[in-house]
Amino acid sequence: MTQDSKAAKTNPGNFFEDFAIGQVLTHATPRTVTEGERAMYTALYPARFALWSSDEFARASGLPRSPMEDLVAFHIAFGKTVPDVSLNAVANLGYAELKWLAPVYPGDTISTSSEVIGLKQNSNGKTGVVYVRSTAVNQSGTPVLSWVRWVMVKKRNVDAPAPETVLPELAKVVPVEDLVIPEGLTFENYDFAAAGEPHRWGDYEVGERIDHVDGVTVEEAEHMLATRLWQNTAKVHFNAQVRGDGTRLIYGGHVISMARALSFNGLANAQMMVAINAGSHVAPCLSGDTIYAWSEVLEKADTPAPGVGAIRLRLVAVKDDPTPKPLRGEDGKYTPGVLLDLDFWALMPK
Amino acid sequence: MTQDSKAAKTNPGNFFEDFAIGQVLTHATPRTVTEGERAMYTALYPARFALWSSDEFARASGLPRSPMEDLVAFHIAFGKTVPDVSLNAVANLGYAELKWLAPVYPGDTISTSSEVIGLKQNSNGKTGVVYVRSTAVNQSGTPVLSWVRWVMVKKRNVDAPAPETVLPELAKVVPVEDLVIPEGLTFENYDFAAAGEPHRWGDYEVGERIDHVDGVTVEEAEHMLATRLWQNTAKVHFNAQVRGDGTRLIYGGHVISMARALSFNGLANAQMMVAINAGSHVAPCLSGDTIYAWSEVLEKADTPAPGVGAIRLRLVAVKDDPTPKPLRGEDGKYTPGVLLDLDFWALMPK
Amino acid sequence: MTQDSKAAKTNPGNFFEDFAIGQVLTHATPRTVTEGERAMYTALYPARFALWSSDEFARASGLPRSPMEDLVAFHIAFGKTVPDVSLNAVANLGYAELKWLAPVYPGDTISTSSEVIGLKQNSNGKTGVVYVRSTAVNQSGTPVLSWVRWVMVKKRNVDAPAPETVLPELAKVVPVEDLVIPEGLTFENYDFAAAGEPHRWGDYEVGERIDHVDGVTVEEAEHMLATRLWQNTAKVHFNAQVRGDGTRLIYGGHVISMARALSFNGLANAQMMVAINAGSHVAPCLSGDTIYAWSEVLEKADTPAPGVGAIRLRLVAVKDDPTPKPLRGEDGKYTPGVLLDLDFWALMPK
């Protein structure tokens, strides 16, 4: 055997010229999720939202039992796309139109596929931007999550011809009427004492900022456990030899989950994420960083579900310095220390 | 919005003047426990007690299946009290009258409430001692655990008037006749080979000391995983920026579980904790410390359950130096290196 | 009580003179394995083999649901032997004739026993080699795993007489006809896209080498979580004070699982280990090491199961330098950096 035939056995990932508009990528490794993932998630993040913690609370909210935490579904579905979409990515540029479509319960098996919906070669001819719309389904084929993300991917061969540029039209914000509320969900019997805070949907005002107070110093072992749990095997998260400075880049989703869990303190009743409108991993997070979070209320809307309001929040993770600061400086750039800027819809009791 | 209205959204915790005798605190975040928590517990502590490890061993002992480890129930129930009782605590002063009242099985949902049963303002006028009796119940409302603890809590306003001093009468030791033995428990068919040691209840003598030999060096990632698993979010355990020296204080319960697991070597048949009479976290434990444990037999008693004896043990955790030493020096103070002094009742085969 | 009677309570382990040919050791701590262990395993290793990840994939392969990962069964069964076989071991010398005999499913309870099948005192009179054949059974008494290992064990008393030397005859390689294929297993409906790679059994050639590309830098917290999960409590893995240099020796099984998971990249369809022919822990692995892996195809064979071929692989773990190198130098010694040399049979789709 030659080196070449050996190389053929391992996955080199897709390069920019491997993608074509309309192409569908069937991602590997369907995953059955269980109570085990639920417990690991609780151990990894200071998660206390009652809907994900208690079968009884979930039943009082009209669900058959407590589903898997919303971000568990996201991480698992997202992790499957990495080997095909972003193994040769230079940067993860953005998310849009992420919608949770049905709860995931212990015992469900999740598979993900992606369709290429946009391509644009960069002017340097070395890289290009790939837009994919990914959909995760359960064992019955019911969609549980869909989203668009776009990544900058290297070309294998800089001489490969540029594809025709196609840029998808993406909603800046998922319209309220497109939010999918789990069948049967009701907050009419909502137990505020069990949930941990008395603040209703009506108690939040657009423009209000909540500093979530608590901070967590992150460790190598923890972010690696988390990232493997989602079967996301991007090298930079695990191998201290690949970045050149001995650091391991923490999976951006670890920061999302940490910030969301920290936001319990002040937003304990923002029980359920239903859509992510936009998200930016503003700066890398490394082991030893202490993550803090704050939120801003961006918008509020009613929903048809009994007792259920929708709230649009900006969740910002910052590192090391919890002093309240504006999101951006006068130059329009993110304030130093900002790690994450996430715009999402959540459901709250009215 | 002003800073003040923002502050109102996050939980400042209760201060000394917020507590009143007879007040009942309904703690947030009911928790459904599962096989996931069981596996995490095994990964976190060198736990090998057969009753918690094997459904078959539990069935031979008259139980429907293996319950959640006794300390799992404790940690989860205890964690719920932190946001309401000890967020502004200066010190966790003691435990008494802790009794396990019914086994917790995978699938059970645990909720905790506390009643204020004692108050005493300190002479400095800045702090006071609060005594609460906490009770955890399962989804049927069946009590599974109750205990008293007292903590020194800051006053918000030093000018707030002192409450009338009320000091509860607390048993120094839970009387044997008050121990609750799980329905159906029998050690008549006890399999000593499966349990790992041949020593029966009759083989232990009051005054006997057992050095448990093994030690475990603790890591930041591990104690944080453990403490989050119990949804205990006290800042000092997670945030390296709050103590001023970059250390994170390890949750005292992590030391309890570690010492209890280490005590397997010499007390493998002390299967089930049924009461904690008293407990002191003598000194802080930090990442990098190596925890060792020794036990002293304090008392023995018979029980009405077939083949089941009760043994009262002092479990002592020490750090870094396993050389056997007395618990206290001639001055009556704990010997340096002692981390934990725990007095409890366990059940053993006769 | 004297020190002596105290010492009698803790487990000193067996010394060389405590073993006799034909002796059967019933190991302690039967263990019920669940979804929790499955999730922990996924968090600990970059494991993506579809058969262990998805109930649906397992059902399409003729199994009732996804079994516990093959190495989970091994680690749990193996861990039980440590307190009786290798507590006083100087070295773990080898494995042979390891066969998986039936899948382990969540809910199964595993127990292990060992028979002493070989003894040879070393010429120095201070140590001897003990060969044991261990068998793990489930709650129905069905064998799930059996293997031989041999360890060098200290004598308690150097003056104890040497036993008659008995050396078992061990197969260098488990014959193909002795491989046990799980009842009902079929790869006739194998979904290569879900599995992650297109390479069939027929695509691999004897002599082919696959470099698995990816590396993982290991952490103290992770190997300790893993090793405790298997209830393996050998001191060197947990206590930074016992080796004299502050390091903790990583359980060899952690390296096996890490290398096997890394081998997914290039051997994604080598779904199921069915036998280990031989294994050597060539050098110690410590926290901070970055583990890489490569495989060599040693042999191929047909099996009676529909669509199922057997492939014999050498799996080699190396540390810190992924540059392809030969396994051994011209002197016949392992190349520096080699951690593990494992020879095993796996099942692949034809």
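The questions and answers below take up symmetry, chain contacts, helices and selected residues of this predicted model.

Local features in this predicted model need pLDDT of at least 70, side-chain atom pairs count only at pLDDT 80 or more, and totals for chains, interfaces and linings use all residues. Residues are numbered from 1 along each chain as its sequence is written, chains are lettered from A and ligands numbered from 1 in the order in which they are written, and side-chain values use heavy atoms, with hydrogens and water left out.

Q: What makes chain A and chain B copies related as by a three-fold rotation axis?
A: Superposition here is by least squares on the C-alpha atoms of residues with pLDDT of at least 70 in both copies, and a rotation of 120° with 0.0 Å of shift along its axis lays chain A on chain B at an RMSD of 0.0 Å. The two copies are therefore related as by a three-fold rotation axis. Within chain A, the C-alpha nearest that axis belongs to Gly36(A), at 2.3 Å.

Q: Which turn and shift lay chain C on chain A?
A: A turn of 120° with a shift of 0.0 Å along the axis does so, with an RMSD of 0.0 Å. In chain C the C-alpha nearest the axis is that of Gly36(C), 2.3 Å from it.

Q: How do you know that the copies meet through different surfaces?
A: Only 9% of the interface residues of chain C are also interface residues in chain A, so the surfaces through which these copies meet are different. For chain A and chain B the corresponding share is likewise given as only 9% of the interface residues of chain A, so the copies again meet through different surfaces.

Q: What joins chain C to chain A, in residues in contact and in buried area?
A: With contact meaning heavy atoms within 4.5 Å, 46 residues of chain C are in contact with 34 residues of chain A. Buried area is the accessible area (1.4 Å probe) that two parts lose on being put together, summed over both, and for these two chains it is about 3300 Å², 56% of it on carbon and sulfur atoms. Ala43(C), Arg48(C) and Ser53(C) supply 17% of the area that chain C buries against chain A, more than any other three residues.

Q: Why is the pair Asp214(C) and Lys235(A) called a salt bridge?
A: The term requires a side-chain nitrogen of Lys or Arg within 4 Å of a carboxyl oxygen of Asp or Glu. The closest N and O atoms of Asp214(C) and Lys235(A) are 3.2 Å apart, and the pair forms a salt bridge. Across the interface of chain C and chain A the rule finds 4 salt bridges. Among the elements of chain C that each supply at least two residues to the side touching chain A are helix H2 (35-44), helix H7 (220-229) and strand S10 (290-302); H2(C) gives the most, with 7 residues.

Q: What makes helix H2 of chain A largely enclosed?
A: Helices (H or I, at least four residues) and strands (E, at least two) are DSSP runs, numbered from the N terminus, while buried means under 20% relative accessible area, exposed over 50% and partly exposed in between (1.4 Å probe, protein chains only). In H2(A), residues 35-44, 10 of the 10 residues are buried, so the helix is largely enclosed by the rest of the structure. At the start of H2(A), a side-chain oxygen of Thr34(A) reaches to within 2.9 Å of the backbone nitrogen of Gly36(A).

Q: Why is Thr112(C) called buried?
A: Its relative accessible area is 2%, so Thr112(C) counts as buried. Thr112(C) lies in strand S4 of chain C, residues 109-121, and a polar atom of its side chain is 3.3 Å from the backbone oxygen of Ala77(C).

Q: Why is Asn277(C) called buried?
A: Asn277(C) has a relative accessible area of 2% and is therefore buried. Asn277(C) is found in strand S9 of chain C, residues 272-281, and a polar atom of its side chain lies 2.7 Å from the backbone nitrogen of Val174(C).

Q: How many disulfides does a search of the whole structure find?
A: With a disulfide taken as a pair of cysteine sulfur atoms within 2.5 Å, the search finds 0 over all chains. Cys285(A) is buried at a relative accessible area of 2%.

Technical notes
Polar contact = N/O pair within 3.5 Å; in protein donor to acceptor, adjacent residues only side chain to side chain.
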